[in-house]
Amino acid sequence: MAKQLIRIAFCALLVISACNKAEFLNENPNGANVVPRTWSDLQAIMDRDIYVNGIGTSSRGPVPFLGETGADNYFLPDDIFNDRISPEIQDCYVWKPNALDGLAANNWNYPYLVVYYSNIVLDGLSDLNPANQKEEYDILRGSALFHRAHAWYQLAQVFAPPYDKGTDNADIAIPLPKTPDINAKLQRASLVEVYTTVINDLEESILLLPDIQAYKTRPSKQAVYGLLARIHQTMQDYASALAYADSCLEINNTLLDYNTLDGTLSYPFENGPQHNPEVIFNCNMTSLATGNPVSPVYARVNEPLYQSYGETDLRKQIFFRSTSTGMRFKGSYQGTTTNFAGIAIDEVVLIRAECYARQGKVEEALNDLNYLIANRTDNSKPLQAYQANNADEALAAVLTERRKELIFRGLRWTDLRRLNIEGHNMTLRRTVNGTEYVLPPNGTGYTYPIPAAVLGFYD
Amino acid sequence: MSIFKNYCICLILLVAFLSSGMAQQEQLNGVVRDSISGSLLTGVTIRTDSYTTVTNEDGQFSIHYLSAHPLIINAVGYQSKEIKDVAPGQHLDILLVPEISVLEEVEVIHSGYQQLPRERATGSFNVIKSDLLNRSVSPDLLSRLENLSPGLLFNRGDAASTDRFLIRGRSTITAEAQPLIVVDNFPYDGDLNNLNPNTIEQVTILKDAAAASIWGARASNGVVVITTKKGSTLRPQVSFGANLSLQGRPDLFNVSMVSSADRVDWERKLYESGYYDAAKEPTTLLRRVSPLPEAVELMIANPDDLEILLDTLRHHDVRNDLQQYFYQQAVNQQYNLSISGRQQRLTYAISGGYDQNVATLVGQEFSRFNLRTNTAYQVSERLQAEASIAFTKSSDNQGNNPGIGLGGSTGLSPYARLVDGFGDPLPYYQDYRKGFVDTAGNGEFLDWRYRPLEEIRLRRAENQLIDYVIQTGVSYRIAMGLSGQFKYQYQYQLQSIDDLHREGSYYARNQVNIFTQVDPVTGAAEYPVPMGGIMNLSRESVDGHQGRLQLNYAKEWAQKHRINSLVGYEIRSLLTEGNQFMYYGYTDAYTAVNGSMDFLSYYPRNTSTSSTRLNNPQQRRRLTDHFLSWYANVSYTYDGRYLATASVRKDEANLFGVAANQKGTPLWSAGIAWHVDKEPFYNVDWLSLLRLRLTYGVNGNISRRGSAYTIAQFRSGGGQSHSFPTADVISPPNESLRWERTKVWNAGVDFSLRNQRLSGTIEWYRKAATDLLAEVPTDPTRGVTSVFSNAANMVGEGLDVQLNSINFRGAFGWQTAFIYSYNTTKVTKYLMPLADRGIGYAEKSATVMPVIGNPVYGIYSYEWAGLDPQNGSPRIILNGEISDDYNALVNAPLDAFSYNGPVQPVHFGAIRNTFTWKAWELSCNISFKAGYYFRSHSMINGGLIAGWTGHGDYQYRWQQAGDEVKTHVPAVIYPANVNRDRVYQYSSVLVQRADHVRLEDINLSYRLSQADGTRLPFQSIRVFLYLSNMGLIWAANTKNIDPYFNNQPMDAKHISIGLNIDF
């Protein structure tokens, strides 16, 4: 009897071991769906530019539009404010945001969708053996790290307090999900953790990515340098910002000569970011199907800002056209009403110029600045180059030019937060239906509340 | 698949190992059979002085035999027997004589893994034997189970759209709720209509955890175990059965329709108010094309005899045309022949069946051919091999006959004339306007008229099913009480649908005409869609392998202890593949011209201003199910009085992947039973049987809604900014997914009065379903706002009662069988917030819209406050006040609605009386259902305008002040207000109680048998008359609506005659 039991046990063992049980149970249940397990599956997910980069008309993207909503590039005429804008956005427009509800999807969920896609790629790659496809594997991993860090950074500009170099930045900020597993515990990280994580990931991606990529929706090493320059600038670490801006421009510093554009067109940048030599990384601001306050359809450019462009400045015609209610922006590098919010060489040139000025390198700063305006000024007229007698004058010149060059790119909000910390004391004012609203420097209005639908999931 | 093969090879090897190397032992073998029927007896105790054994499911036993002591054979329901002077090594064939006092034969329960007598079970089982199954004559098995067993609910009428068939209520939200169907030991993955009810020996229903948990992850909804007939008698049994059923045309007047006169007058009113002005002199293509009702066309044409023509329409009812020409009397024929028997070591059963049905809808036919053989061969004392093959081929044909559904999106004009005075087809203009059809294409188009009657034969949609199931198995007696068995089943089912629209059919002509390009200069025509027929084909195959290795062990000792156990390992692989495509230019010579067609270009359509590609549907599907399971079951009996059972099973599946499987816990059950009547102290004379049972356990259920893996779906056409492939993530990975689980308590009492005057079973149960897969809101930070997760709960509670009484015995006999079930279920946990607008719950805008505290399917309605005496508009109570603010009502949250009750019955059952007199037997079944609701139909104002028909309530509409006391049908207004219609449609005034009692069927039979001394050329003959669908006896609703046919054509009574002969 016992002998037979042993025999049975032996046979049973044979059954179990002879076959690959894991393979049997891992078979894809539905052929129409793909369980992403190969490099090409994962690359296809990362290439889903409609979600990852916000290209097209899906309203998605990695850059929340609430930053631009609060910034001082535009105003809303009263009838648009009253009739076209939801109450929730009206509150945001006058810097009194309530717990975000309907807006959460487009400002919180969509950037986090980029994080989710990146996490799926990173998670999938960790199960792959990179030996036979080392290079592709590295590039894809670098891309996912970049997209995720970029989205985190963008979320921090809206939903986290401004980074202040002079403090410990221990404020509670935003969650940093690092796995697609929906059961993983999530916590809100501190501000310093957010920036450290973002920088670490980007530094890793430098080692993985090629200098440039054929398609600008795919991140390149140049894009990482550009983004790191921007992030260090945000953190008021100008030495690092300068170094990264330098590395970025070393790869390529070509600017688009606006003299080659037809300023009379409805959208002078109609060729789009892919064919714009300035664009390093192509992505868009999120949007709303209707009632997007920062869409050129509604937003009217602040008059003093418009008047600050000189008569020989090509941007005055290329960026704007007049309407019955005021000037309308038409200069998105996307060549449509969608706001381009990617990384371009003009921004990096301005970062470097600012860093030079702050280091007292007046001549270098002016060189960069004048290189930029040479490509922005009507070449049939004499160029009025910037002059400066000292670093302060140079910095003022750079900031003026920065204000004019980078409008509706989602950058002004971060600049306002940063410059006010440095004591620029800019007070924003808006008048709606005769009532004036004010956003004082360093006010709580510079940090949006975390959406109510999200907050319920945290202690 | 190769993995599966590996497994099978391993299993076969294992069996080979087991059977080759077993030591031979001296012992006595034999078989025990019923002395009358010759059938093999399972569970018979055989005792010597020192050893005890029981017969296995094939009646076999083997026992150590050492001395000259007698063998003592005992079985419940049989006289015990002693056999002396047995020579060792002899093969015994023991016949047991049934105890005369026990009229009821011993019920044997088939769980799909084992067979055991009822008194050794603690769980909730119901057995339906073949004689009861064959009391009714429907061609499918499932409908024959209706009204025979408590706890089984067949939903009919509106409720059928929720769950067709349930055991003890629904205990899941999104997963499959239909019970698992097992045929001869393995789950059946084909179409249930493949089964021929006449080849079925018995059906066992497994209802509670102790009964079903051996099926583990698929047990939650209960299990229906079907056992086919096996050979058992020494004498070959040949039987033949045939029956013929007739059913009249359905009553179309049960579908309420506005009268033709009212409709004509209404259309005139619309015409006069300018609704059709734009169509008078159409300026756009859309206006020229869009069809109009016939009366309106007449009004526009305005001939001199307009009033006469309209009057003709007023007096015509299209339902007469339909009933006469589109419906017919149904004729069903059924034939069966079976042969079974036992010869030496071989048992065999061969049966064939043929069904031929002509449906009430003209052009619809069904035929089915079944063949099944079951054989078993006793290879040696220890080894038995068995094999069975079942083959089914069925074919279901339909013509182009929508019946009462004719009329497309606008509905059928009540005055439409489909047939002229000579019975010839008339055209009906439902897609395009008559004027457009008559003139379009300048003669280059094919005839564009649609003649419904002629079209019936111009389409042939043939749905053919071929199914074969091959099962083989060996069982081997390893040692005393220990046996091993290996079973393997292969099933292949191919379903092919050939939907042919013949050349000349309206469907094909329409496709050609839509795209025909006529050159405006030369007048020459080009045909992007070729002439000829159009054939839509779809194929779906199911390819299933299942293997099982099982060890059984039974032991009885010290005359009081008895243990029965089994342990097994199972593998299952199921591959479902399907594809679909279309042939253009199809002719009966099997030609097609797809190759010369251009499916890429956009062609302008003649019926609209858009251009489209030619329709070229092609689709492929592939689903794979893999399961690995192990299971064990043990029961212990002490002295026949106390019984304890336990069962455990663990399933692993590819649905969840390896990681999630590892976290899963086994599903299990335990039960106890106490045979009170067998206690020494028991002396209640009048109550001869009293048994108490209690079980608890956890059953599982499968849902495909969640995924343990990340699921992506490739998008066509590359990215927005590049042309690389792109993929969407459609579902995040959720490694903590697990089986849905249902915890079931079951308490039962079985009793029988002396002489079985009254016997029965009463059971109470409570099902707590947890870990139900449902949508759950999730932190949007994770990238998704909701996921399917094991997060919902439900509870169900109920009562199953089965009572049998023998009211009269003797020449005149009268027996009554009564079944009653009570079942309530409710959702107790569901995490998604309620939808913003309550009307979604009334309209059922999603498949499931759970509300905590209510069943998954419920009826919600606005609280009716009567018609407005001023204008006859519907009014509703909103926030305690009477309101006619329809926008506010439509946007109101669920609080503004009242919950009327469930869509499925809470109380249901049946009572069957059987009278016998000499060779006559008369039985009739009356069923009842109660505690549920349905929504009656009424007039929709907007539909009257946009559609061509309307509900008959039109004639009861409010027309003047004071009508509000007589009617609840609102005044008709023009233009209509969509929300006013919706508020009325979903108000409580239209909600009806569905409670009713109906006469299900009557069976009258006459039986002659040689055993009774009649001289017959064969053993026995039974002829019968069977009447079913006999209609309502009582209904609770005030409108005299049969809830089974709520505004649907009413099925006519069904009459069958038939005979069965045993040779």
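In this predicted model, A:Phe159 touches a scattered set of partners once its neighbours within four places in sequence are left aside. On one side of the numbering come A:Leu66, A:Leu100, A:Asn107 and A:Trp108. Then there is A:Ile174, and after that a run made of A:Thr447, A:Tyr448, A:Pro449, A:Ile450 and A:Pro451. A:Phe159 and its partner A:Ile174 turn up again as the residues with the most contacts inside the largest nonpolar core, which has 151 residues. Helix H9 of chain A, residues 134-159, supplies the largest share of that core, with 14 residues. Apart from this core lies another one, of 45 residues, and B:Trp266, B:Val296, B:Met299 and B:Val851 are among them.

Zooming out to chain A as a whole, the count is 19 helices and ten strands. Is the overall radius of gyration what a compact globule would have, or something else? For 459 residues such a globule would come out near 23 Å, and chain A has 25 Å, so the two agree. The C-alpha trace spans about 105 × 45 × 45 Å along its principal axes. Of the 459 residues, 60% count as buried. The contacts reach along the sequence too: among those between residues at least 6 apart, 72% join residues at least 24 apart. On the outside, chain A shows an accessible surface of about 17500 Å², and carbon and sulfur atoms account for 49% of it. As for charge, there are 39 positive and 52 negative side chains, with the centres of the two sets 4 Å apart.

Chain B has 17 helices and 51 strands. Its 1063 residues would give a compact globule a radius of gyration near 31 Å, and chain B has 33 Å, which agrees with that figure. A box of roughly 110 × 75 × 70 Å, taken along the principal axes, is what its C-alpha atoms fill. In chain B, 54% of the residues count as buried. Of the contacts between residues at least 6 apart in sequence, 71% join residues at least 24 apart. The accessible surface comes to about 44500 Å², with 54% of it belonging to carbon and sulfur atoms. This chain carries 96 positive and 103 negative side chains, and the centres of those two sets lie 6 Å apart.

One helix of chain B gives a good look at packing. Which residues of helix H7, residues 294-301, are buried? They are B:Ala295, B:Val296, B:Glu297, B:Leu298 and B:Met299. Two of these, B:Val296 and B:Met299, were met above among the residues of the 45-residue core. The buried residues of H7(B) pack against three other helices of chain B, namely H4 (260-272), H8 (306-314) and H10 (434-439). Right after H7(B) comes B:Asn302, with a positive phi near 50°.

That backbone angle leads on to some other asparagines. B:Asn879 has a phi near 50°, which is a positive value in a residue other than glycine. This asparagine sits in the loop between strand S41 (874-878) and strand S42 (881-883) of chain B. Is B:Asn879 buried or exposed? Its relative accessible area is 69%, so B:Asn879 counts as exposed. B:Asn1029 also belongs to a loop, the one between strand S49 (1020-1028) and strand S50 (1032-1035) of chain B. Its phi is near 55°, again positive in a residue other than glycine. With a relative accessible area of 22%, however, B:Asn1029 is partly exposed, because buried would need a value under 20%.

The backbone has another feature to look at, in the loop between helix H16 (941-946) and helix H17 (978-985) of chain B, where B:Pro975 is found. The peptide bond running from B:Tyr974 to B:Pro975 is cis, and its omega is near -5°.

Finally, there is B:Gln1019, in the loop between strand S48 (996-1009) and S49 of chain B. A relative accessible area of 26% makes B:Gln1019 partly exposed. Leaving out neighbours within four places in sequence, B:Gln1019 is in contact with B:Arg235, B:Leu1008, B:Ser1009, B:Gln1010, B:Asp1062 and B:Phe1063. How far apart are the C-alpha atoms of B:Gln1019 and B:Asp836? The separation is 70 Å, for two residues that are 183 residues apart along the chain.

Terms used:
Residues are numbered from 1 along each chain as its sequence is written. Chains are lettered from A and ligands numbered from 1 in the order in which they are written. This is a predicted model: local features need pLDDT of at least 70, side-chain atom pairs count only at pLDDT 80 or more; totals for chains, interfaces and linings use all residues. Side-chain values use heavy atoms; hydrogens and water are left out. A nonpolar core is a set of buried Ala, Val, Leu, Ile, Met, Phe, Trp, Tyr and Cys residues joined through side-chain atoms within 4.5 Å. Buried means under 20% relative accessible area, exposed over 50%, partly exposed in between (1.4 Å probe, protein chains only). Helices (H or I, at least four residues) and strands (E, at least two) are DSSP runs, numbered from the N terminus. Contact means heavy atoms within 4.5 Å. The radius of gyration is taken over C-alpha atoms; the globule rule is 2.2 Å times the number of residues to the power 0.38. Accessible areas come from the Shrake-Rupley method with a 1.4 Å probe; for residues, only the protein chains shown count as cover. Lys and Arg count as positive and Asp and Glu as negative; His and the chain ends are not counted. The place of a charge is taken as NZ of Lys, CZ of Arg, CG of Asp or CD of Glu.
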